[in-house]
Amino acid sequence: QIMQAHALTVAINSLRGGKPTCMGSLYWQINDVWPVSSWATVDYYGMYKAAHYTIRNLYWPVQAILRHNPANNSYTVCAINDGVGFATFEFSIRIIGVDGTVIKPRETSGLTIAANTNYVVKTIQ
């Protein structure tokens, strides 16, 4: 269930971050109609599976996301505003290795973006 939550997070964030090429996504198979193991995030008894708690937050209209580009092993930080008004973001980005060493020091910045906008804040190689 945790792997399912991660897979759906990567897929949804990739689609949302691809605006204006992709202007939406449809989350499929929310519930099961009988007790079974499946991709559904709500089981037959109406109980949320682990992935459902993650997915319900992925479609907030104003969000910051991190997208991975495996072609050149880079990461893109995006600010998404699917709302109807301006949105203000405060970013703090720091890259830390798996051993805890700081690879890139903290960068902090503020940003205001218009409605219905996807803005690339930073690309990290």
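1. Quick definition before we get going: a residue counts as lining a pocket if it has an atom within 4 Å of one of the pocket's grid points. Keep in mind, too, that this is a predicted model.

2. With that in hand, here is the second largest pocket. Its lining is made up of Leu66, Tyr75, Val77, Phe91, Ser92, Ile93, Arg94, Ile95 and Ile124. Two elements, S2 and strand S3 (87-96), each put two or more residues into this lining. S3 has the largest share, at five residues.

3. As for what that lining is like chemically, seven of its residues are nonpolar, one is polar and one is charged. The space in this second largest pocket comes to about 170 Å³.

4. Now for the largest pocket, which has a volume of about 320 Å³. It is lined by 15 residues, and the ones closest to its centre are Ser14, Leu66, Arg67, His68 and Asn69. Leu66 is worth a second look, since it also turns up in the lining of the second largest pocket.

5. Which elements give two or more residues to the lining of the largest pocket? They are helix H1 (2-17), strand S1 (62-69) and strand S2 (74-81). H1 gives the most, with six residues. S2 is also among the elements that give two or more residues to the second largest pocket.

6. By class, the largest pocket's lining splits into six nonpolar, eight polar and one charged residues. Set beside that, the second largest pocket has seven nonpolar residues, one polar and one charged.

Technical notes. Residues are numbered from 1 along each chain as its sequence is written. This is a predicted model: local features need pLDDT of at least 70, side-chain atom pairs count only at pLDDT 80 or more; totals for chains, interfaces and linings use all residues. Side-chain values use heavy atoms; hydrogens and water are left out. On a 1 Å grid over the protein atoms alone, a cavity is a set of points where a 1.4 Å probe fits but cannot get out, and a pocket is an open set with protein on both sides within 12 Å along at least five of seven lines; lining residues have an atom within 4 Å of a point. Grid points are joined across faces, edges and corners, and a volume is the space filled by probe spheres set on the points. Helices (H or I, at least four residues) and strands (E, at least two) are DSSP runs, numbered from the N terminus. Ala, Val, Leu, Ile, Met, Phe, Trp, Tyr, Cys and Pro count as nonpolar, Asp, Glu, Lys and Arg as charged, and the others, Gly among them, as polar.
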